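Here is a short walk through the model for someone meeting it for the first time. Keep the structure open beside you and follow the points in order.

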Amino acid sequence: MIVRAKGHIPKPGSGDGAGKNQRGPDGVMESGRKKTLLKAGALQNAIFNSANFSSIATDANGVIQIFNVGAERMLGYAAADVLNKITPADISDPQEVIARARALSAELDTPIAPGFEALVFKASRGIEDIYELTYIRKDDSRFPAVVSVTALRDAEDTIIGYLLIGTDNTARKQAEEALLKAGALQNAIFNSANFSSIATDAKGVIQIFNVGAERMLGYAAAEVMNKITPADISDPQEVIARAKALSAELGTPITPGFEAWVFKASRGIEDIYELTYIRKDGSRFPAVVSVTALRDAQDTIIGYLLIGTDNTARKQVEAEQKILDQRLRDQQFYTRSLIESNIDALMTTDPSGIITDVNKQMEELTGCTRDELIGAPFKNYFTDPERAEAAIKRVLSEKKVTNYELTARARDGKETVVSYNATTFYDRDRKLQGVFAAARDVTERKRMDAELESAKSLAEKANLAKSEFLSSMSHELRSPLNAILGFGQLMESDSPPPTPTQKESIAQILQAGWHLLKLINEILDLAKIESGQVPMSREPVLLADVLVECQSMIEPQAQQRGIKLTFPQPGIPYFIHADRTRVKQVLINLLSNAIKYNREQGTVEVKCTESAPGRIRISIKDSGAGLTPEQLAQLFQPFNRLGQEAGGEEGTGIGLVVAKQLVELMGGAIGVESTVGAGSVFWFELVSVAEPLLALEESAMQGGNAAAVAQPHAPREARLHTLLYVEDNPANMKLVEQLIARYPDFSLLTAVNGNSGIEIARTSHPDVILLDINLPDINGFEVLNILRSDPATAHIPVIAVSANAMPLDIKRGMKAEFFRYITKPIKVGEFMEALDAALEFAGENR
């Protein structure tokens with residue numbers, strides 16, 4: 001018999017086909033069993049009337065006896081297709097049936113055969129059994145189902161069949177995936193500890209309080225069911241506030257309490273709101289609650305369902321997000337402030353050169369508003385669009401550009417030269433976003449650069465003019481001195497020897513002449529230092545060697561005044577990194593002052609010490625009158641002659657200034673300590689050499705070379721040597737003539753200008769040529785070039801004898817390849833030594 005549940009349970013035997021589809025030999029007995037089944041009370045009318053549940057009843061063997069409309073709808077079979085024909089296992093996934101049999105066998109430790117027995121085994125043992133399986137429809141499609149199995153028993157508790165009530169689990173499966181998005185209510189909510197599910201009756205008294213509610217609120221279900229309403233575990237102030245808000249919103253008075261929570265739901269309005277729940281321990285937490293009215297078949301409200309979630313985490317996230325948002329706004333404001341406060345015109349462009357943002361300075365530079373600039377091509381605002389576009393391309397290829405010059409043109413035509421500096425920028429995934437650029441107005445800088453360049457040019461011209469002046473002054477002063485000192489030296493060594501009175505006069509002439517030369521050199525040194533024309537050749541220098549040379553040079557001056565000199569004894573080999581010539585110049589100046597301003601029969605003591613790591617101090621202590629604090633304050637100032645008042649000492653007053661500047665040029669320092677009546681100590685410090693042993697080797701090598709140079713030349717070959725002297729100054733010419741006349745093996749030819757000197761050299765082929773530089777027709781350098789270019793004269797050694805004594809003059813002369821460069825006034829010994837060297841060279845190359 002087929003039972004269709006459509007509002008009532010058919011009586012046994014009623015309906016078409018009664019008795020047709022009965023199973024078993026005895027039809028009457030089968031009919032009686034079905035009557036017993038229907039009377040068992042295991043089935044309720046509502047189940048059979050529902051199309052939402054599949055209700056399948058079987059006999060004790062599992063053969064389907066009842067197949068309701070829900071089963072027909074879900075599985076696609078008509079009841080007639082399955083009744084008395086198959087078991088529920090036949091419309092289930094066979095692999096799941098096998099898997100269930102295997103799992104139950106292991107769980108219950110008894111063999112269970114795959115098939116219907118596996119589906120009802122627990123129920124047959126009185127164990128409640130709800131499980132998931134996959135049903136197979138008539139069209140072979142499949143769907144998940146949740147099945148509840150109950151054993152049907154008669155009055156004697158004998159199993160007479162089984163009832164399998166199933167629900168299509170497809171929606172629930174889908175709902176589980178969409179639960180967080182859709183917020184749909186599923187049966188799983190009631191079993192979840194993550195949701196509080198509270199169901200009330202129509203008056204609000206709690207009837208259901210699930211495990212989620214227990215976990216969240218701290219109450220056991222028994223403590224609240226049939227005792228309180230949800231309003232009693234909510235913040236009372238929020239309840240009152242909600243009642244007021246709803247009253248105003250809906251235009252109807254709403255009493256504070258449970259009514260305020262469910263009023264909208266009672267009117268069929270979807271209602272989800274936030275509230276604060278109060279736990280059993282008094283603590284509070286925010287919750288989001290969804291309220292639904294529960295209705296019976298007549299649509300009468302029989303209660304309310306409040307499903308809530310703990311909103312603490314979300315609130316915390318919201319609070320944190322709020323803080324982050326504020327920080328972001330602050331950062332954006334800070335960044336914007338930085339951009340706007342920048343003195344440069346700033347802009348960003350996309351990779352194609354379209355402007356995406358600018359600051360106020362860019363607006364001022366172009367005369368356009370921010371809105372006008374954004375979206376426009378970057379190149380449009382420059383006098384040379386192609387060059388501007390090339391700048392963007394260069395940034396993209398090289399990642400950055402610096403000091404790229406462009407000229408911006410404003411709307412009103414104003415042009416501004418800018419220095420364009422740019423770099424690429426990226427998002428957090430390192431994807432190129434565009435170019436960040438700064439354009440700095442360099443118009444003023446360009447003007448200043450031009451002025452600076454002009455000033456530099458003027459300074460260079462001034463320095464050149466100063467150099468020319470110094471060279472000219474040196475020449476003009478040295479030329480007459482050359483005659484004075486030259487003839488003085490000749491007179492001093494004349495034959496027959498001069499009388500004692502003549503010797504005294506000659507000595508005075510020479511002393512005055514050499515002193516004048518010293519003054520000239522000091523003035524020129526100061527001028528050279530101030531114009532930056534002092535050549536420095538810093539190298540390792542053995543201080544002891546320099547001191548020995550200075551002692552021999554200064555000893556005669558000390559002896560004249562009875563001054564006792566004390567120099568350091570050989571000991572620690574102090575090496576300094578300095579210019580040997582300049583160190584000697586500084587030492588001679590300080591020693592000369594120590595003697596000059598000392599008392600008669602006084603003392604001068606020289607010491608060398610290591611004042612600090614890497615520093616050597618040379619001190620010169622005298623026994624003079626000492627200096628007052630006022631005098632000390634005036635030291636090292638140009639033209640300050642401190643000895644003038646006391647004893648009228650001669651001098652320019654610039655020797656200490658030159659010494660100070662030379663020491664500082666060598667990286668050192670100079671100073672003085674003095675006590676009136678006790679004398680003074682002048683000192684200077686220089687940088688020591690880090691590796692003295694290596695410096696010692698170098699010094700030894702240099703010393704060896706110097707010794708070789710200083711060795712006297714071999715005696716001249718006993719033959720007549722011809723010299724040619726080209727000089728336009730009669731006094732200088734006369735001096736050399738008289739000097740050469742003392743040597744019978746010399747024959748002197750003379751010329752008063754360059755061209756005549758060249759002609760004589762070509763016709764007479766002298767052994768050595770003495771050549772002045774400043775000649776009336778062509779200068780000495782031009783004469784030398786002509787002689788060198790002529791094979792007939794190219795081999796003749798040429799010695800320059802010039803009053804051009806500036807370091808640059810001497811350097812130029814040696815670069816031009818003069819054999820020697822002798823400066824006026826000449827020293828006879830130096831002159832003859834150079835002449836002997838030239839004759840030796842000429843003999844070797846003859």
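1. Let's begin with an open sheet of 5 strands, ordered S7-S6-S10-S9-S8 with antiparallel pairing. Strand S7 (206-209) and strand S8 (271-278) are at its edges, and each has a single partner strand, so one side of each lacks a neighbour in the sheet. On average, neighbouring strands here are turned by 30° against each other, direction ignored. Please keep in mind that this is a predicted model.

2. Within that sheet, strand S6 (residues 196-201) and strand S10 (residues 301-310) pair in the antiparallel sense over 6 bridges. If you want one pair to look at, threonine 200 has tyrosine 304 in S10 as its bridge partner. Helix H12 (residues 258-266) packs on the sheet and touches S6, S8, strand S9 (284-295) and S10. The direction of H12 makes about 45° with that of S9.

3. Further along the chain you will find another open sheet, with 5 strands in the order S24-S23-S25-S26-S27 and parallel pairing. At the edges are strand S24 (746-751) and strand S27 (820-823); each has a single partner strand, so one side of each has no neighbour in the sheet. The twist from one strand to the next averages 20°.

4. How many bridges join strand S26 to S27? There are 4, and the two strands run parallel, with S26 covering residues 798-802. Isoleucine 799 stands opposite arginine 820 in S27. Two helices are worth finding as well. Helix H25 (residues 730-741) lies across strand S23 (721-726), S24 and strand S25 (768-771), at about 170° to S24. Helix H27 (residues 780-789) lies across S25 and S26 and runs at about 160° to S25.

5. Now for the nonpolar cores. The largest has 41 residues, and Leu587, Ile618, Ile620 and Phe684 touch the most other members. Elements giving two or more residues to this core include helix H19 (543-561), strand S19 (603-612), strand S20 (615-622) and S22. Helix H20 gives the most, with 8 residues. Apart from this core lies another one of 32 residues, among them Met74, Val120, Val147 and Ala151.

6. Isoleucine 618 makes a good viewpoint: leaving out residues up to four places away in sequence, its contacts include Leu543, Leu587, Val606, Phe682 and Phe684.

7. Is serine 680 buried or exposed? Serine 680 is buried, because its relative accessible area is 4%, under the 20% cut-off. Serine 680 sits in strand S22 (residues 679-687). Its side chain makes a polar contact with the side chain of serine 674 at 2.6 Å. Among the residues that serine 680 touches, not counting those up to four places away in sequence, are Ile620, Asp622, Leu627 and Ser674.

8. Finally, the aromatic rings: the whole structure holds 12 aromatic pairs. Phenylalanine 116 and tyrosine 162 form an edge-to-face pair, 5.7 Å centre to centre with 70° between the planes. This pair links distant parts of the chain, 46 residues apart, with phenylalanine 116 in helix H6 (residues 116-124) and tyrosine 162 in strand S5 (residues 159-168). Both phenylalanine 116 and tyrosine 162 are buried.

9. The rings of tyrosine 404 and tyrosine 420 have centres 6.2 Å apart and planes at 70°, so this pair is edge-to-face too. Both tyrosine 404 and tyrosine 420 are buried. Together with Phe378 and Phe382, Tyr404 and Tyr420 form one aromatic cluster.

Conventions
Residues are numbered from 1 along each chain as its sequence is written. This is a predicted model: local features need pLDDT of at least 70, side-chain atom pairs count only at pLDDT 80 or more; totals for chains, interfaces and linings use all residues. Side-chain values use heavy atoms; hydrogens and water are left out. Two strands pair if DSSP finds at least two bridges between them. Axes are lines fitted to C-alpha atoms, for helices over the stretch in contact, and angles run from 0 to 180 degrees between N-to-C directions. Contact means heavy atoms within 4.5 Å. Buried means under 20% relative accessible area, exposed over 50%, partly exposed in between (1.4 Å probe, protein chains only). A polar contact is a pair of N or O atoms within 3.5 Å; within protein, one must be able to donate a hydrogen and the other to accept it, and residues adjacent in sequence count only if both atoms are side-chain atoms. A nonpolar core is a set of buried Ala, Val, Leu, Ile, Met, Phe, Trp, Tyr and Cys residues joined through side-chain atoms within 4.5 Å. Rings of Phe, Tyr and Trp (its six-membered ring) pair if their centres lie within 6.5 Å; planes under 30 degrees apart count as stacked, over 60 as edge-to-face and the rest as tilted.
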